[in-house]
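Trainee: Got a minute to go through this one with me? I'd like to start with the strands and then move on to the charged pairs.

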Amino acid sequence: MTESLAKVTARLRKLLGSSTVDTYTLNRVYLMAIMEMLEKYGYPATAERLFEWGYAMGHSFMLKLEKEVEKLKPDPKVIRMLAWLGWYTFSGTKPVIEQRVVPEPGFPYPVSVTYVRDPNSPWDQEIYLGEYRRAPHYPAGAYEAAGNTFSILAVKGELRHFARITKAISAGDSYTELTFVAVPSALATEDYVEKLVPGFFSEIPFRKSQELYEKYFGVK
């Protein structure tokens, strides 16, 4: 397992040509894009568009890692490691990871809730949109798509993944928090996920995850 994770890390660096992105450039470009989109579309539509664009990127990038990823199993330890690695690689900062595991009898994989927290998030550093308005929906979409692509490749979709921004510097919080939920596909309902993380779908609705999952994986 450790060897497979090392191969994923090496492959990421080879594909990107470096270990991380330039955080300042990312912050400036993302800030300009959000401001322009907010003026044109308003907040709710902007949030969903950013999430969907991130979803497309996360899916396509994970497909480039197909040979390495299909050798992994999505147990909580692997998910935790990949959650840290993904943020560090694409955001350029080192997050703090916390994870909660909920055993579900009768299912091959446990439920896990992984929190990726960053007080220096380039996705919304120096951005304030107002209370409860969170800017980093793009990485949330990327995480959700990457997780679901991982599941399709490694365990034929036995796990579903959902990702949302649950705290954000842009909303006045002291750090940005991306919450990444992995649940057996049979439990992947709005009510179940909301019980795990109350308010999880408050900004990007459950229906958006369903629409994108069907679009990219052909599964309702």
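Trainee: So, E3: how many of its nine residues are buried?

Mentor: Eight of them, so to speak of E3 as mostly covered is fair. Buried here is under 20% relative accessible area, exposed is over 50%, and partly exposed is in between (1.4 Å probe, protein chains only). Strands (E, at least two residues) and helices (H or I, at least four) are DSSP runs, numbered from the N terminus.

Trainee: Anything I should know about the model itself?

Mentor: It's a predicted model: local features need pLDDT of at least 70, side-chain atom pairs count only at pLDDT 80 or more, and totals for chains, interfaces and linings use all residues. Residues are numbered from 1 along each chain as its sequence is written, and side-chain values use heavy atoms, with hydrogens and water left out.

Trainee: OK, what's the strand order in the sheet?

Mentor: E1-E2-E4-E3, an open sheet of four strands with antiparallel pairing. Two strands count as paired if DSSP finds at least two bridges between them. E1 and E3 are the edge strands, each pairing on one side only. From one strand to the next, the twist averages 15 degrees.

Trainee: And over how many bridges do E3 and E4 pair?

Mentor: Eight, in the antiparallel sense. One example is Lys-167, whose bridge partner in E4 is Glu-177. E1 and E2 are antiparallel too, over seven bridges, and there Val-96 has Arg-117 in E2 as its bridge partner.

Trainee: Which strands does H5 touch?

Mentor: H5 packs on the sheet and touches E1, E2, E3 and E4, with its direction at about 155 degrees to that of E1. H6 lies across E2, E3 and E4 and runs at about 165 degrees to E3. Contact means heavy atoms within 4.5 Å; axes are lines fitted to C-alpha atoms, for helices over the stretch in contact, and angles run from 0 to 180 degrees between N-to-C directions.

Trainee: Switching to the core. How many residues does the largest nonpolar one have?

Mentor: It has 46, and Tyr-55, Val-116, Tyr-143 and Leu-178 have the most contacts inside it. H6 supplies the largest share, eight residues. A nonpolar core is a set of buried Ala, Val, Leu, Ile, Met, Phe, Trp, Tyr and Cys residues joined through side-chain atoms within 4.5 Å.

Trainee: What does Tyr-143 touch?

Mentor: Leaving out residues up to four places away in sequence, Tyr-143 touches Ala-83, Gly-86, Trp-87, Val-116, Ala-163, Leu-178 and Phe-180. Apart from that core lies another, of 15 residues, including Val-181 and Phe-201.

Trainee: Now the charges. How many salt bridges are there?

Mentor: The count is 11, taking a salt bridge as a side-chain nitrogen of Lys or Arg within 4 Å of a carboxyl oxygen of Asp or Glu. Arg-117 and Glu-98 form one, at 3.0 Å, N to O. That pair links strand E2 with strand E1, 19 residues apart.

Trainee: Is Arg-117 buried or exposed?

Mentor: Buried, at 18% relative accessibility, whereas Glu-98 is partly exposed at 40%.

Trainee: What about Arg-164, which residue does its side chain meet in a salt bridge?

Mentor: Glu-144, at 2.9 Å, N to O. Arg-164 is in strand E3 and Glu-144 in helix H6, so the pair ties together parts 20 residues apart in sequence. Both are buried.

Trainee: Which residues are linked in a network?

Mentor: Glu-48, Glu-52, Arg-207, Lys-208, Glu-211 and Lys-215 are linked by salt bridges.
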